[in-house]
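Welcome! Please look over the structure below and then work through the exercises, each of which comes with a worked solution.

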Amino acid sequence: MRKRQHESGQAMVEFTLILPLFILLLFGVVDFGCYFTHSLSVTSAAREGARAGVIYAYDADFSTKVKTKVTDSAPDLDPAYLVTTVTKTGASGKEDVVVSLDYTAKSLTPVGMVLWGPEYHVKSSCTMKIG
């Protein structure tokens, strides 16, 4: 089928109209994927830290061992931006280990910077009983 003379630039105009929406969608998917990955890593690291807290609950360097386990279990997270809080709660014999993490991540694309700023926080907490 032959194109008519006045339709020669139609594809270029349609492409120009759709391209910004496609890029917006692509950047949104990339930023959401990074957020989701960070969220899974922080949640998993908190869980592993709580498990280590139960194992090392009565050691002298309990908090240090838990923090080391947290950073080892999440190699894709930058330790400089990861804040780990380890506490024991409850009465003797019925204690819990609480591991709370707060990770500051940076947005990768301009869409993420517009939606939630240049950086965002991913938080997670895990509680496990000792004994």
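**Exercise 1. Find which element of the protein chain has the lowest mean pLDDT and which the highest.**

Solution. Start with the term: pLDDT is the predictor's confidence in each residue, from 0 to 100. Elements are DSSP runs numbered from the N terminus, where a helix is H or I with at least four residues and a strand is E with at least two. Helix α3 (residues 110-116) has the lowest mean, 83, while strand β2 (residues 96-106) has the highest, 95. Over the protein chain the mean pLDDT is 89, and 94% of the residues reach 70 or more. Where pLDDT is low, the predicted coordinates should not be read in detail.

Before going on, note that this is a predicted model in which local features need pLDDT of at least 70 and side-chain atom pairs count only at pLDDT 80 or more, while totals for chains, interfaces and linings use all residues. Residues are numbered from 1 along each chain as its sequence is written, and side-chain values use heavy atoms, with hydrogens and water left out.

**Exercise 2. Check the span of helix α2 (residues 62-73), then work out where its buried residues point.**

Solution. First, the expected span of a helix is 1.5 Å times one less than its number of residues. For the twelve residues of α2 that gives 16 Å, and the end C-alpha atoms are 17 Å apart, so the two agree.

Next, pick out the buried residues (under 20% relative accessible area; exposed is over 50%, and partly exposed lies in between, with a 1.4 Å probe and protein chains only). In α2 they are Phe62, Val66 and Val70. Because they cover an arc of only 70 degrees around the axis, taken from the directions from the axis to the C-beta atoms, they sit on the same side of α2. An α-helix has 3.6 residues a turn, so residues three or four places apart point the same way.

Finally, look at what they meet: the buried residues of α2 pack against α1 (10-55), β1 (82-89) and β2. Contact here means heavy atoms within 4.5 Å. Leaving aside neighbours within four places in sequence, Val66 is in contact with Gly49, Ala52, Gly53, Val86 and Val99.

**Exercise 3. Name the residues that touch the most other members of the largest nonpolar core, and the element that gives it the largest share.**

Solution. A nonpolar core is a set of buried Ala, Val, Leu, Ile, Met, Phe, Trp, Tyr and Cys residues joined through side-chain atoms within 4.5 Å. The largest one has 21 residues, and Val42, Val66, Val70, Val99, Leu101 and Tyr103 touch the most other members. Two or more residues each come from α1, α2, β1, β2 and β3 (119-129). The largest share, five residues, comes from β2.

**Exercise 4. Decide whether Thr104 and Val98 are buried or exposed, and list their contacts.**

Solution. Take Thr104 in strand β2. Its relative accessible area is 14%, so Thr104 is buried. Beyond four places in sequence, Thr104 is in contact with Tyr81, Glu119, Tyr120 and His121. With His121 there is also a side chain to side chain polar contact at 3.2 Å. (A polar contact is a pair of N or O atoms within 3.5 Å; within protein, one must be able to donate a hydrogen and the other to accept it, and residues adjacent in sequence count only if both atoms are side-chain atoms.)

Now turn to Val98, also found in β2. Val98 is buried, at 17%. Leaving aside neighbours within four places in sequence, its contacts are Thr85, Val86, Thr87, Thr89, Ser125, Cys126 and Thr127. Val98 and Val86 are twelve residues apart in sequence and 5.8 Å apart in space, C-alpha to C-alpha.

**Exercise 5. Classify Leu115 by its relative accessibility.**

Solution. Leu115 is in helix α3. At 58% relative accessibility, Leu115 counts as exposed.
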